[in-house]
Amino acid sequence: MEKLVIQGGKALSGTIPISGAKNAALPLMCTCLLTSEPVTLTNLPRLADITTLSDLLNHLGVTVTIAGGRRKNLQGRSLTFDGHDIHDTVAPYDMVRKMRASILVLGALVARMGEATVSLPGGCAIGNRPIDLHLKALEAIGATIELEHGYVRASAPNGLSGGTVRFPFVSVGATENILMAAALAKGKTTIENAAREPEIADLAKCLNAMGAKISGAGSETITIEGVANLKGTSHEVMPDRIEAGSYAVAALMTGGDVFLKGARAHDMQAALDTLVEAGGIVEVEATGVRVRSSGEIHGFNIVTHPFPGFPTDMQAQFMALAAIADGASVITEAIFENRFMHVPELSRMGADIAINGASATIRGVKDLVGAEVMATDLRASMGLALAGLVASGETTINRLYHLDRGYEHLEEKLRQVGAAVERLPS
Ligand code: EPZ
């Protein structure tokens, strides 16, 4: 186990290169199951979740090879996923339990192989996160779904056939699963109330490059004309809008001036708008986004919402910002039922936060005080790291593996812009 030790009080200044998006990379990696030709992904971040999914794909028969990409200047890497020989269609519990996104192999596997058995993902720190929408969607295009002994088995021995999928509420993963499955279904599939996150458009762009016929990705209605088979391709993973947003908050909190190299403002407009409301100065440039402090931090209100609304993955980070604002803020978590795990630890650092159901009221305090804190889930951990950057004294964040799931080269990137942070064995 490792820990992050932060000496607070340094203003961040300089350029932070933004890595490829974890939440784009994971579904993109699953596209290799849809074709017998190799799929190369470039700008892949070096993250634990990418390794976890690579191991699962390898278990199914996919050959994963490094296609170059040195560690120089924190650039991403390129991996080639060759799924011509899928010799297993079971994703076992001991692999799936490590990462909920493993469920994203289900749609592609059943489309390509006619069957797939995936362990139910179980809950995680931020809620029980069922997969009912994934399963209903696959049934709508002809899959037979059976649940037994903690596994879900999807089968379509004669292939999938297009249909209409209406989501009662937005699900990113379910949209991605059905998008991949429908690409190989016979006939036309229409997805209504589809997720509009930028990662969906990135996935559709890759699938279309492989020969799929997808239109409307990024809007609430997506149409897929199924094709008999897909070919390989090479695709660059889009930049990580949540990583970029996290460092944007760090710039404002520390009174700094940071250029987020590679960030795409239109992927993160809701977060940037709230940052400006809170006192940030945001300048969109051709190659990235610059975020500066105006010297003040004002209170703000947030309700998390599917894209293009305020992203739930930025909620914890903005709560850290609210903790030191002059004035009060109200943050409502409307997507997950238990995504305030960072609150008790922020309170131990001196934050003044009152939770009332799905809403938290944060009264800004002048100073946070460094403490030893425990990371619980990926984005909560980042909220604690941000608080540590401004707290007086030393903050130690234990269980660093949570952060390593979603932030590539975290301490190097922060040190590059002046933070006093180091990774130590626990
Ligand atoms: C994706 O998770 C992201 N993960 C999450 O990011 C992100 O928080 C979430 O979308 C929302 O934007 C990846 O892309 C790998 P959902 P996903 O299906 O697909 C409920 C991070 O920190 N639901 O949009 O699992 C679910 O419980 C991670 O990077 C059902 O009820 O999210 C949740 O309350 C955390 N039934 C809501 O819908 C279903 O079948 C939204 O979930 C599916 C979901």
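Lys413 counts as buried because its relative accessibility is 0%; buried here means under 20% relative accessible area, exposed over 50%, and partly exposed in between, with a 1.4 Å probe and protein chains only. The model is a predicted one, in which local features need pLDDT of at least 70 and side-chain atom pairs count only at pLDDT 80 or more, while totals for chains, interfaces and linings use all residues. Residues are numbered from 1 along each chain as its sequence is written, and side-chain values use heavy atoms, with hydrogens and water left out.

Lys413 has a salt-bridge partner in Glu243, and the closest N and O atoms of the two are 2.6 Å apart. The term salt bridge denotes a side-chain nitrogen of Lys or Arg within 4 Å of a carboxyl oxygen of Asp or Glu. Because Glu243 belongs to helix α8 (residues 241-253) and Lys413 to helix α14 (residues 410-416), the pair ties together parts that are 170 residues apart in sequence. Helices (H or I, at least four residues) and strands (E, at least two) are DSSP runs, numbered from the N terminus. Glu243 also counts as buried, because its relative accessibility is 1%.

Both of these residues are in contact with Ser19, whose contacts beyond its neighbours within four places in sequence also include Asn43, Pro45, Met238, Pro239, Asp240 and Glu408. Contact means heavy atoms within 4.5 Å. Ser19 is placed in the loop between β2 (13-17) and α1 (22-30), and it counts as buried because its relative accessibility is 6%. Its side chain is joined to that of Glu408 by a polar contact of 2.5 Å. A polar contact is a pair of N or O atoms within 3.5 Å; within protein, one must be able to donate a hydrogen and the other to accept it, and residues adjacent in sequence count only if both atoms are side-chain atoms.

The count of salt bridges comes to 17. One of them joins the side chains of Asp49 and Lys22 at 3.8 Å, N to O. This pair links distant parts of the chain, with Asp49 in helix α2 (residues 48-60) and Lys22 in helix α1, 27 residues apart. Asp49 and Lys22 are both buried. Another salt bridge, at 3.4 Å from N to O, is formed by the side chains of Glu345 and Arg348. Glu345 and Arg348 are separated by about one helical turn, because they are three residues apart in helix α11 (residues 342-348). Glu345 is buried, with a relative accessible area of 12%, whereas Arg348 counts as partly exposed at 48% relative accessibility. In addition, a network of salt bridges links Glu2, Asp404, Glu411 and Arg423.

The ligand is surrounded by 23 residues, of which Asp132, Leu133, Ser171, Asp313 and Ile335 come nearest; a residue is near a molecule or strand if one of its heavy atoms lies within 4 Å of it. A nitrogen atom of the ligand is 2.7 Å from an N or O atom in the side chain of Asp132. Polar backbone atoms also approach ligand oxygen: one of Val172 at 2.8 Å, and one of Gly173 at 2.8 Å. The protein covers 88% of the 830 Å² of accessible area that the ligand has on its own. Such areas come from the Shrake-Rupley method with a 1.4 Å probe, and for residues only the protein chains shown count as cover. Helices α1, α5 (132-140), α6 (172-182) and α12 (378-390) each supply at least two residues of the shell.
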